[in-house]
Amino acid sequence: MLPAMNSESRNRNMPSIPSPPVSATLQEELDTLQREKLDLYSQLFEAGQIQRKLSGARELRHGCLQFASEVFAARLLSGYFTMFLQHGSRVLTAHGDIAGKGIAAGMWFTNLAGLLQSYGHPDSDPAKIASEVNRHLCYLRPVAPFATAFLAQVDCNVGTVSYCNAGHFPPILLRADGRTVLLEKGGPLLGAIERAEFTSGYEVLEPGDTLLAYSDGVLECSNAEEEEFGMERLLDAFRRAKQQSAHATLMVLLAWLQDFANGSPVCDDVSLTVIQRDA
């Protein structure tokens, strides 16, 4: 009687069956798909670079004020936008979020950037800019997306800030003595309500003050335990991140965020804008 063979022995003694060869036609189709994939990636990368150029300078200094902003896209194109438009001693700052992600939001960014260029004159009131952009987006409904925006005209000679918050998370004004003010005055998100009313708020950046605008991707950044970064952590990090330059302050805040995430994948875009007056 022959001894029983275990499965490992049977597998070892069975002849191997070669994989069927890939037909020439199928291989050509796979090669074509691969080329199309690489071409699409190249086009998206180029579109991301155009989006970045349309946003203008990422760092700016005028007089005693420094400006810095960054958008870190989870994909190649982002629905977030940051812009600095300088007119003499004034700088129009825009920080916001277009509803949606990826290609569609990236395409609408060009439209919104053009509107801000058109309406963002040196003497334009931020509430009036928000009203004009809102009118345009409402006219294009239901195709146009909703958008939130924080718009601020900053006079670099005296540090005055006239702003309008159109449905965006309220930026934080950190005073030199550690007190914080949330910039909430404005109106609803853009493109939602026809003839919506917008109002402007007013603050002064005193020596040593810093203003921070941020996206929901900052607050909703999660770690491995699925805890969100949240507002309290952001306030604490902001107070401790203050550096000699606006760009350095922004980078320290980003480092705090990355340390908190501790390798967890980024599910949403992150954007930060810092305006800092020299002490």
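Let me start with arginine 240 and aspartate 236, which sit 4 residues apart in helix α6 (residues 230-240) and are therefore separated by about one helical turn. Helices here, and strands too, are DSSP runs numbered from the N terminus, with H or I over at least four residues for a helix and E over at least two for a strand. The side chains of arginine 240 and aspartate 236 meet in a salt bridge at 3.2 Å, N to O, where a salt bridge means a side-chain nitrogen of Lys or Arg within 4 Å of a carboxyl oxygen of Asp or Glu. Arginine 240 is exposed at a relative accessible area of 53%, whereas aspartate 236 is partly exposed at 33%; buried means under 20% relative accessible area, exposed over 50%, and partly exposed in between, with a 1.4 Å probe and protein chains only. Elsewhere, Lys128, Glu132 and Arg135 are joined into one network by salt bridges that share partners.

I should say at this point that we are looking at a predicted model, in which local features need pLDDT of at least 70 and side-chain atom pairs count only at pLDDT 80 or more, while totals for chains, interfaces and linings use all residues. Residues are numbered from 1 along each chain as its sequence is written, and side-chain values use heavy atoms, with hydrogens and water left out.

The salt bridges come to 8 by this rule, and one of them pairs aspartate 209 with arginine 175, whose closest N and O atoms are 2.7 Å apart. Aspartate 209 lies in the loop between β10 (201-204) and β11 (210-214), and arginine 175 in the loop between β7 (172-174) and β8 (180-182), so this pair ties together parts that are 34 residues apart in sequence. Both partners are buried, aspartate 209 at 2% relative accessibility and arginine 175 at 13%. Another salt bridge joins the side chains of aspartate 177 and arginine 179 at 2.8 Å, N to O, and here aspartate 177 is exposed, at 56%.

Turning to helix α7 (residues 246-261), its 16 residues should span 22 Å at 1.5 Å a residue, and its end C-alpha atoms are 23 Å apart, which agrees; the expected span is taken as 1.5 Å times one less than the number of residues. Which residues of α7 are buried? They are Ala246, Thr249, Leu250, Leu253, Leu254, Leu257, Phe260 and Ala261. Seen down the axis, these buried residues fall within an arc of 135 degrees, so they line one face of the helix, the arc being that of the directions from the helix axis to the C-beta atoms. They pack against β2 (65-72), β11, α5 (216-219), α6 and β12 (270-277), while the face turned away from the buried side carries the exposed residues Gln258 and Asp259. After α7 comes asparagine 262, with a positive phi near 50 degrees.

As for the protein as a whole, there are 7 helices and 12 strands, and buried residues make up 45% of the 279 residues. Among contacts (heavy atoms within 4.5 Å) between residues at least 6 apart in sequence, 69% join residues at least 24 apart.
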